[in-house]
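Could you take me round this model, telling me what to select at each stop and what I will find there? I have the viewer open and would like to begin with the empty space inside.

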Amino acid sequence: MSSSEPVPGPSAAGAAPAAAGPTEVVAIDPPSGAGKSTVARLLARALGFRFLDTGAMYRAVTWHFLAEGCAPAECSAEPDLGHARMQLATRSARLALHGDRLFVNGNDVTAHLRTREVESQVSAVSALPFVRAAMRELQREVANAGPVVAEGRDMGTVVFPRARWKIYLDAAPSERARRRCQDFARQGRSVGEADVLAEILVRDRLDSTRSDAPLRQAADALYVDSTGLTTEAVVARLLGFVRGAGGGGAP
Ligand code: DC
């Protein structure tokens, strides 16, 4: 999210049909904790593209649901599991990006996106088809405005099937857990690596088995295993792909 331009909320976003969807997109699909945000951000900077952190968008919607008292865990006893209230909340959520900050209805929610409350609900929220539909429209609208590096779980397969560059960025679960623990340590949080690994495996299963837009490698994506590689080495590899023969020409 490197642009200072705000983007309208999901309810205002115009749908761009996938068949005619944007092409100037580097679509990066990584499983949880594959070091994707850092890599995608650096790649966007090197290319002069906008960075679209779609996981942060799902986290912002989750924060909004929590603030509205309609997050999935709070609604599990309701007859419709709270879906009517969640749909209303989705329609009323206006997301805006200002530089690296993410706003919901004018509130800067950036500092709340990685709290345990959001962490524990975001997989369930991101599995809701009406949330995915709203995010998909918004993501396509952003990419229609100019070239982007977009990272998420369904970028190359669902949101940007016509993306010029598709990358499936993988890493061994144990390495992803180690990186996640380092992130937590930088935030002053001490979390056991075994616990983090267990959470990663659960999230992988949820993300890859949900019915709507499961995590999957696009057939035409470049597979990159970042296990044992430094961030710089991964970025260099991806830059080479985008600028080189594999990416269909230099941007
Ligand atoms: O990348 P992340 O950890 O910030 O993602 C948060 C959650 O959102 C995670 O459970 C996967 C989900 N997600 C998704 O379903 N689709 C995306 N395009 C991005 C994230």
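Start at the largest cavity of this predicted model, where the lining residues divide into 3 nonpolar, 7 polar and 12 charged. Show the space itself and you have a volume of about 260 Å³. To centre the view, select G55, Y58, V122, R153 and D207, which lie nearest the centre of the cavity among its 22 lining residues. Now colour by element: α1 (36–47), α2 (54–68), α4 and α8 each give two or more residues to this lining. Of these, α2 gives the most, with 5 residues.

**Next stop: the second largest cavity**

How many cavities of 30 Å³ or more does a search of the whole structure find? There are 2, so let us visit the other one. 

Select S32, E119, R180, F184, V196, E199, I200 and R203, the residues that line the second largest cavity. The elements to highlight here are α7 (173–186) and α8, which give two or more residues each to the lining. Helix α8 gives the most, with 4 residues. The space comes to about 70 Å³, and its lining divides into 3 nonpolar, 1 polar and 4 charged residues.

**On to a pocket**

Keep E119, F184, E199 and R203 selected, since you will want them again at the second largest pocket. Add R116, S120, S123, A124, R189, V202 and L206 to complete the lining of that pocket. Which element gives the most to this lining? It is α4, with 5 residues. Both α4 (116–126) and α8 (193–209) supply at least two residues each. About 200 Å³ of space lies in the second largest pocket. Colour the lining by class and you will find 4 nonpolar, 2 polar and 5 charged residues.

**Aromatic pairs**

Hide the surfaces now and turn to the rings. The count of aromatic pairs comes to 2. For one of them, select F49 and W165: the ring centres are 6.2 Å apart and the planes stand at 45 degrees, so this pair is tilted. Trace the chain from each ring and you will see F49 in the loop between α1 and β2 (50–53) and W165 in strand β7 (residues 165–170), so the pair ties together parts that are 116 residues apart in sequence. Are these two residues buried or exposed? Both F49 and W165 are buried.

Stay with strand β7 and select Y168 together with Y223. These two rings form a stacked aromatic pair, with 6.0 Å from centre to centre and 15 degrees between the planes. Y168 belongs to β7 and Y223 to strand β8 (residues 222–225), so the pair ties together parts that are 55 residues apart in sequence. Turn the surface back on to look at their cover. Y168 counts as buried because its relative accessibility is 12%, under the 20% cut-off. Y223, at 39% relative accessibility, counts as partly exposed.

**Two buried residues**

Go back to helix α2 and pick out T54. T54 has 2% relative accessibility and therefore counts as buried. Which residues is T54 in contact with, leaving aside its neighbours within four places in sequence? Display Q139, E151, G152 and M155 around T54 to see them.

Then move to helix α9 (residues 231–243) and select V242. V242 is buried, with a relative accessible area of 0%. Add L43 and draw a distance between the two C-alpha atoms: it reads 9.6 Å, although V242 and L43 are 199 residues apart in sequence.

**Zooming out**

Finish by showing the whole chain as a cartoon. You should be able to follow 9 helices and 8 strands. Of the 251 residues, 49% count as buried. How many of the contacts between residues at least 6 apart in sequence join residues at least 24 apart? The share is 77%. With the surface switched on once more, the accessible area of the chain comes to about 10,800 Å². Carbon and sulfur atoms account for 55% of that area.

Note on methods
Residues are numbered from 1 along each chain as its sequence is written. This is a predicted model: local features need pLDDT of at least 70, side-chain atom pairs count only at pLDDT 80 or more; totals for chains, interfaces and linings use all residues. Side-chain values use heavy atoms; hydrogens and water are left out. On a 1 Å grid over the protein atoms alone, a cavity is a set of points where a 1.4 Å probe fits but cannot get out, and a pocket is an open set with protein on both sides within 12 Å along at least five of seven lines; lining residues have an atom within 4 Å of a point. Grid points are joined across faces, edges and corners, and a volume is the space filled by probe spheres set on the points. Ala, Val, Leu, Ile, Met, Phe, Trp, Tyr, Cys and Pro count as nonpolar, Asp, Glu, Lys and Arg as charged, and the others, Gly among them, as polar. Buried means under 20% relative accessible area, exposed over 50%, partly exposed in between (1.4 Å probe, protein chains only). Contact means heavy atoms within 4.5 Å. Accessible areas come from the Shrake-Rupley method with a 1.4 Å probe; for residues, only the protein chains shown count as cover. Rings of Phe, Tyr and Trp (its six-membered ring) pair if their centres lie within 6.5 Å; planes under 30 degrees apart count as stacked, over 60 as edge-to-face and the rest as tilted.
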